[in-house]
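Here are some notes for a colleague who wants to go through this structure point by point. Please read them alongside the coordinates.

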Amino acid sequence: MELLDKLNWRYAAKAMNGEKVSEEKIAKIIEAARLAPTSSGLQPFEIIIIKNKAIKEAIKPVAWNQSVITDCSHLLVFAAWDTYTEERINKMFDLTNEVRGFKNEGWEAYRQMLLGSYPQKDAEENFNHAAKQAYISFSAAIIAAAYEGVDTTPLEGFDADAVDKILELREKGLRSAVMLPIGYRNTDKDWLVNLTKVRKSTEDLVTVIE
Ligand SMILES: Cc1cc2nc3c(=O)[nH]c(=O)nc-3n(C[C@H](O)[C@H](O)[C@H](O)COP(=O)(O)O)c2cc1C
């Protein structure tokens, strides 16, 4: 199947059947999320993978009681940095130098530029920027899951503060941005499964400037 066929097959599952997704497929989905591009390569977020039934049950009521929270196989929480700090920025730049095995003057100047800007900004603004990067990774995970024939429900219908408390994210300098239940669709219980996908036309979406 072509990637576009798989993207047409995917939809935001409203009901899942509780079937487990293999760890092999989950690893591929996570790898796609890890490989996603981010601004300055900072990857300013972490992904929490929840398999634990009790934690899923604790999250469900603060996520509009959406059944996919508990009926999914793995629940991903994309948690963004609560702000950019010198330490966090340096860690990623140092990692780049370590992996590539050399220091680059241009790259070091870029590091200094970021150090002179992000940490001084308002934490809320930084969190919002970090959350945008988390969404790119989240999107890669959705596409990778579809490629693997696995269903997902992109999900931002939840009380972020409550999820942060349940997962003790604030203590780790993180804030929940978006969630992704991963599992298999329950075709008998899902009102959306057979409905035609609705998207605006390419003409309405795209402006070509020759
Ligand atoms: C960031 C984001 C958040 C969403 N939050 C929810 C949600 O909380 N609950 C839900 O049922 N669907 C949620 N959706 C699913 C969208 O409603 C759905 O993707 C959209 O209507 C397009 O339909 P399709 O994905 O089935 O093609 C969300 C989608 C995105 C991208």
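1. In this predicted model, four strands make up an open sheet whose order is β1-β2-β4-β3, and the pairing is antiparallel. Because β1 (45-50) and β3 (151-152) stand at the edges, each with a single partner strand, one side of each is left without a neighbour in the sheet.

2. The connection of β3 to strand β4 (residues 174-183) consists of two bridges, and the two strands run antiparallel. Within this pairing, aspartate 151 has glycine 183 of β4 as its bridge partner. Helix α7 packs on the sheet, where it touches β1, β2 (74-81), β3 and β4, and the direction of α7 makes about 10 degrees with that of β4.

3. Helix α7 (residues 123-147) also meets helix α2 (residues 23-35), their axes coming within 7 Å and crossing at roughly 145 degrees, and the crossing is right-handed. From α2 the contact involves Ile29, Ala32 and Ala33, while α7 contributes Ser137, Ala140, Ala141, Ala144 and Ala145. Sorted by class, the residues of this contact are seven nonpolar and one polar, with no charged residues.

4. Turning to the ligand, the residues around it include Arg10, Tyr11, Lys14, Gln66, Tyr135, Glu156, Lys197 and Arg199. Which atoms of the ligand lie 2.5 Å from lysine 197 and 2.8 Å from arginine 199? In the case of lysine 197, an N or O atom of the side chain is 2.5 Å from an oxygen atom of the ligand, and for arginine 199 a polar side-chain atom lies 2.8 Å from a ligand oxygen atom. Glutamate 156, by its backbone, places an N or O atom 3.0 Å from a nitrogen atom of the ligand.

Notes:
Residues are numbered from 1 along each chain as its sequence is written. This is a predicted model: local features need pLDDT of at least 70, side-chain atom pairs count only at pLDDT 80 or more; totals for chains, interfaces and linings use all residues. Side-chain values use heavy atoms; hydrogens and water are left out. Axes are lines fitted to C-alpha atoms, for helices over the stretch in contact, and angles run from 0 to 180 degrees between N-to-C directions. A crossing is left-handed if the near helix is turned anticlockwise from the far one by less than a right angle, and right-handed if clockwise. Contact means heavy atoms within 4.5 Å. Ala, Val, Leu, Ile, Met, Phe, Trp, Tyr, Cys and Pro count as nonpolar, Asp, Glu, Lys and Arg as charged, and the others, Gly among them, as polar. Two strands pair if DSSP finds at least two bridges between them. A residue is near a molecule or strand if one of its heavy atoms lies within 4 Å of it. A polar contact is a pair of N or O atoms within 3.5 Å; within protein, one must be able to donate a hydrogen and the other to accept it, and residues adjacent in sequence count only if both atoms are side-chain atoms.
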